[in-house]
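Let's take a walk through a protein model together. Keep the picture open as you read, and look up each residue as we reach it.

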Amino acid sequence: MFDLDRWQEIWVTITRNKIRSFLTGLGVFWGILMLVLLLGAGNGMKNGIYKNVDGFATNSAFFFTNRTGEAYKGYKKGRWWSMRNRDIETIRARVKGLKYISPMVMSWGGENNVVKGQKAGTYNVRGVYSDYFHIETQHILKGRLLNDIDVREKRKVCLIGDIVEEVLFEHGEDPVGQYIRVNGIYYQVVGVIKPKPKAQIGGRTSESIMLPFTTLQQTSNQGDKFWFLCATAEDGYDCDILVEDIKAILKSQNEISPTDPQAVNSFTIAKQFQTFENLFLGINSLVWFVGLGTLLAGVIGVSNIMMVTVRERTREIGVRRAIGARPWNIISQIMSESLMLTAIAGLMGLSLGVFILDLISRAIGTDTGSDGTFFENPEIHIGTAVIATVVLLVSGLFAGLIPTWRALQIKAIDAIREE
């Protein structure tokens, strides 16, 4: 005889269990999704920042002058001073581990200081050694870079940034070999460059004119003075030692107290990279803490739902024990259900998270105005995905431990009596 009430009761039970399983799985799904998105966002920030400094030699150091902080040899405290050309030769001769060195001078010529025919623009002008292009690397779009002969012979040649080329020259016109007027003096263009690093020293290179250091010193009447110095250590040499040696020479040759803490300021790319590494280590640690905490909440939910399931199936488990089911049969049943629920929900969250990160990455890649952004290619590495999957599966097993232990405590006679 068809028992409508019994079938309704069964249908309600099945529906209730499905809803509970869905809501419980949603917690695991959300935990993994948030973990993936947060890790991807952290990697996006890391990639963006590193892209902005990519192209700088990581063992580079930069020095610039400041007011003296101590009175010394008759000079008062607070004196302004300048580095001189002689300092370069002394540093080259005395400093160990030095690979490249380049001073930098700059010149400002007012509005529309760079002219080509009827076209003009306002750009910063820098004078450097050829070594500078080993410190801040460049894409050579046309022609060549400045070389040692240009510097030694004080040639009136220049490099122009790619944006300068677009403004001063017609589309398709080759600027190499042509002359432009910079601060009232004509220079021959020998190359067009575009910087590799998005962050640059002394202004945007794409909107700059670069001259031989000695040429700009002479044409701008700066004598033998300069205020900024770049240096790179040999591979494997401690950049901090290089910095201290260079500072000691600069102080010695310019009548500055050896203990003056502020007359010579400096910073190193290596320290900036280390700062970034420490920053992202902290971000990743926080992300894993938050993500695993959210995942733990979902796993606890799975454990609770499995406890409810064991409670509702008390008679079934008792009967199976009565007819000879071994403990392993009970364990495998509960653990497999827990693992399956956790794995399905977690892998769906992992897949959706990777899909969302891919969409964001594609959107950033197609945005032509994103050049120089501090967010680039959000992603999770395959190793991270594997770790997240292992954590997910282990969590599923742990979620089934307490329900499994509860199921093993059920005795056949008690189960039948309880029903």
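## E173 and its neighbours

The side chain of E173 reaches the backbone nitrogen of E170, at 2.9 Å. Keep in mind that this is a predicted model. A polar contact also joins the side chain of E173 to that of Q178, this time at 3.0 Å. Where does E173 sit? You'll find E173 in the loop between α5 and β9 (179-182).

Is E173 buried or exposed? Neither label fits: E173 counts as partly exposed because its relative accessibility is 24%, and the buried label is for values under 20%. Leaving out residues up to four places away in sequence, E173 touches K116, K142, E165 and Q178.

## E165, a buried glutamate

One of those contacts of E173 is E165, so let's hop over there. E165 lies in helix α5, which covers residues 162-168. With a relative accessible area of 13%, E165 is buried. That follows because buried means under 20%.

What does E165 touch? Skipping residues up to four places away in sequence, the list is K142, I160, E173, P175 and V192. Notice that K142 turns up here and also among the contacts of E173.

## I160 and the nonpolar cores

From E165 we can step to I160, one of its contacts. With residues up to four places away in sequence left out, I160 touches E165, F169, P175, I180, V189, G191, V192, I193, S208 and I209.

I160 also belongs to the largest nonpolar core, which has 42 residues. Which members of this core touch the most other members? They are I91, I160, I180, I209, L229 and I246. Helix α7 (residues 239-253) supplies the largest share of this core, with 6 residues. There's a second, separate core too: it has 16 residues, including Y132, F133, V190 and I269.

## Salt bridges

Now for some charges. Side chains of opposite charge can pair when their charged atoms come close. How many salt bridges does a search of the whole structure find? The count is 12.

Start with E89 and R92, which form a salt bridge with their closest N and O atoms 3.7 Å apart. Both are in helix α2 (residues 85-94), and because they are 3 residues apart there, about one helical turn separates them. E89 is partly exposed, with a relative accessible area of 45%, and R92 is partly exposed as well, at 38%.

D235 and K99 make another salt bridge, and here the closest N and O atoms are 3.8 Å apart. D235 is in the loop between β13 (228-233) and α7, while K99 is in strand β3 (residues 98-107), so this pair ties together parts that are 136 residues apart in sequence. D235 is exposed, with a relative accessible area of 63%, whereas K99 is partly exposed at 34%.

E170, whose backbone nitrogen E173 reached earlier, has a salt bridge of its own: its side chain meets that of K119 at 2.9 Å, N to O. E170 lies in the loop between α5 and β9 and K119 lies in strand β5 (residues 119-121), so the pair links parts 51 residues apart in sequence. E170 has a relative accessible area of 48% and is partly exposed; K119 is partly exposed too, at 29%. Elsewhere, salt bridges that share partners join R144, D150, E153 and R155 into one network.

## Cysteines

A disulfide is a covalent bond between the sulfur atoms of two cysteines. How many disulfides does a search of the whole structure find? The answer is 0. As for individual cysteines, C230 is buried, with a relative accessible area of 0%. C239 is buried as well, with a value of 8%.

## The whole protein

Time to zoom out. The protein has 419 residues, and 43% of them count as buried. Its secondary structure comes to 13 helices and 14 strands.

Take the contacts between residues at least 6 apart in sequence: 80% of these join residues at least 24 apart. As for the outside, the accessible surface comes to about 21900 Å². Carbon and sulfur atoms account for 59% of that surface.

Note on methods. Residues numbered from 1 in each chain as written. Predicted model: local features only at pLDDT ≥ 70, side-chain atom pairs only at ≥ 80, totals over all residues. Heavy atoms only, no water. Helix = DSSP H or I, 4+ residues; strand = E, 2+ residues; numbered from the N terminus. Buried < 20%, exposed > 50% of the residue type's maximum accessible area, 1.4 Å probe, protein only. Contact = heavy atoms within 4.5 Å. Areas by Shrake-Rupley, 256 points an atom, 1.4 Å probe, with all protein chains shown as cover. Polar contact = N/O pair within 3.5 Å; in protein donor to acceptor, adjacent residues only side chain to side chain. Core = buried A, V, L, I, M, F, W, Y, C linked by side-chain atoms within 4.5 Å. Salt bridge = Lys/Arg side-chain N within 4 Å of Asp/Glu carboxyl O. Disulfide = S-S within 2.5 Å.
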